[in-house]
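Visitor: I would like a close look at one part of this protein, its interior packing. Could you take me through that part and then set it within the chain as a whole?

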Amino acid sequence: MAENILTDYDSFFFLGIGGVSMSALAKLLFKTGKRVAGYDRCEGEYTDELKSMGIEVTSDYGADLSGSQVIVYTDALPESNAYIIQARRMRRVLISRGRLLVEVSRLFKSTVAVAGCHGKTTCTSMIAHILDHAQIPFASHIGGKDASLSNCCLKGYDVFVTEACEYKRNFLYLNPDVSVILNSDADHLDCYGTAENLRRAYVEFAAKSGKTIKLYGDLNEVDGITFGFDDRADYYAKNMRNVNGSYCFTAYERGKRLGGVSLSVCGKHNVLNALAAIAATRVGGMPFGKIAEGLASFTGVERRFERIGKYNGATCIADYAHHPTEIRAALKTARLITDGELYVVFQPHTYSRTKSFFKQFVSALSPLRKLMVYKTFAAREYYDDAGSALTLAGGIKRACYGECETDIENFLRTAAAGDTVLFLGAGDIYDVAKDVINIVN
């Protein structure tokens with residue numbers, strides 16, 4: 001591989017260009033003047049955005065790679081993929097998504113990387129809004145669709161803020177000036193094996209960073225700036241007030257009052273995300289007034305407790321929660337805003353995650369009176385009965401199993417005004433939910 005791939009090459013072809021992270025990288029390269037094209041077997045909103053920018057995207061298997069010097073591939077593709085084999089035969093430069101992200105980060109004076117099992121997308125977006133509001137020349141690489149910035153933004157080359165994904169240890173490629181570790185909860189045990197191995201990876205990530213911001217009480221062996229609800233943290237919140245599910249609070253920095261913050265997104269967990277964003281931007285000397293204004297301007301990310309419509313008068317909300325901790329947070333927020341019944345449709349994401357955290361999923365979901373476990377989104381995996389949605393539904397006393405949209409419609413037939421329908425999961429449940437809502441509207 002060339003020492004500086006973005007200096008030495010001009011044309012890039014993305015395999016799996018429709019993914020949220022891949023499409024964001026494709027946009028960034030295109031905006032820097034590179035020739036970009038790509039393939040994805042499933043087209044959607046991100047491929048539509050790319051096409052509207054003038055980027056050639058194909059869903060036909062058999063695209064010509066001869067016009068591209070560099071082939072970028074997603075980790076979801078196996079080594080046996082025909083495109084990867086073709087690229088090697090043609091002696092093209094092959095680079096993974098994670099390694100390309102590192103190359104992109106080198107274009108900027110400094111990098112802020114946000115890691116953790118939960119909250120990466122929201123916190124990254126919050127930091128981007130703060131930088132944008134303060135008119136700092138920056139770029140963002142977001143693992144979701146921000147309401148105003150989408151999944152990518154390029155407004156200068158001073159600061160690059162990005163999600164740092166722990167899957168397959170990808171975040172360890174980065175050497176950020178500032179790292180944010182929101183939490184070290186166990187996930188992706190299919191590639192780490194144990195929670196302790198993942199924990200060690202977070203410690204290694206912190207060691208590769210200039211400065212580390214971490215949750216108070218977590219990763220105690222890491223020397224860093226802390227945030228949390230405990231007033232012993234470097235950054236903490238007081239006077240928290242729930243206003244229709246969203247929170248206002250007073251932010252403190254090492255015992256000194258900074259000022260008030262009013263969030264426009266629901267959930268107490270977002271106070272922690274906001275505190276992490278405050279810490280990350282205060283490290284760079286950002287005036288608190290600009291930080292508070294930037295946080296207020298953040299109105300949310302697609303699939304992060306997003307209101308997507310009504311079903312028989314019931315409010316429908318979609319959330320990306322696919323880990324037991326995230327599910328608990330989403331349910332807690334939903335109960336705050338629900339006057340009537342709470343209906344939950346949960347789609348497990350991968351058999352391995354369901355199998356690894358089976359007891360935790362059962363514990364998080366068992367209190368629900370109205371629960372449907374929808375068929376598993378397998379992603380990169382093959383069927384495993386022990387980690388299937390059907391097996392999970394069978395382990396929860398009041399749960400039913402859903403296989404198709406009609407099953408969801410039947411499950412929701414008693415929903416009415418005042419009720420809330422919560423669609424949870426990181427798979428295609430978002431699109432399924434919108435289809436179900438459209439049927440009655």
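Guide: What follows starts with the nonpolar packing and then moves outward to the whole chain. The model is a predicted one, and in it the largest nonpolar core has 44 residues, among which Ile-127, Phe-249, Leu-263, Ile-278 and Leu-295 have the most contacts inside the core. Helix 9, which covers residues 269-282, gives this core its largest share, namely 8 residues. If we take Ile-127 and leave aside its neighbours within four places in sequence, we find that Ile-127 is in contact with Val-112, Val-114 and Val-161, and also with Ala-277, Ala-280 and Thr-281. Apart from this core lies another one, of 42 residues, which includes Leu-6, Leu-100, Phe-171 and Ala-201.

Turning to the chain that holds these cores, we count 16 helices and 21 strands, and buried residues make up 57% of its 441 residues. Of the contacts between residues at least 6 apart in sequence, 65% join residues at least 24 apart. The radius of gyration is 22 Å, which agrees with the value near 22 Å that a compact globule of 441 residues would have, while the C-alpha atoms fill a box of roughly 60 × 55 × 40 Å along the principal axes.

On the outside, the accessible surface comes to about 18,100 Å², and carbon and sulfur atoms account for 47% of that area. As for charge, the chain carries 51 positive and 50 negative side chains, with the centres of the two sets lying 4 Å apart.

Conventions:
Residues numbered from 1 in each chain as written. Predicted model: local features only at pLDDT ≥ 70, side-chain atom pairs only at ≥ 80, totals over all residues. Heavy atoms only, no water. Core = buried A, V, L, I, M, F, W, Y, C linked by side-chain atoms within 4.5 Å. Buried < 20%, exposed > 50% of the residue type's maximum accessible area, 1.4 Å probe, protein only. Helix = DSSP H or I, 4+ residues; strand = E, 2+ residues; numbered from the N terminus. Contact = heavy atoms within 4.5 Å. Rg over C-alpha atoms; globule rule 2.2 N^0.38 Å. Areas by Shrake-Rupley, 256 points an atom, 1.4 Å probe, with all protein chains shown as cover. Lys, Arg positive; Asp, Glu negative; His and termini not counted. Charge placed at Lys NZ, Arg CZ, Asp CG, Glu CD.
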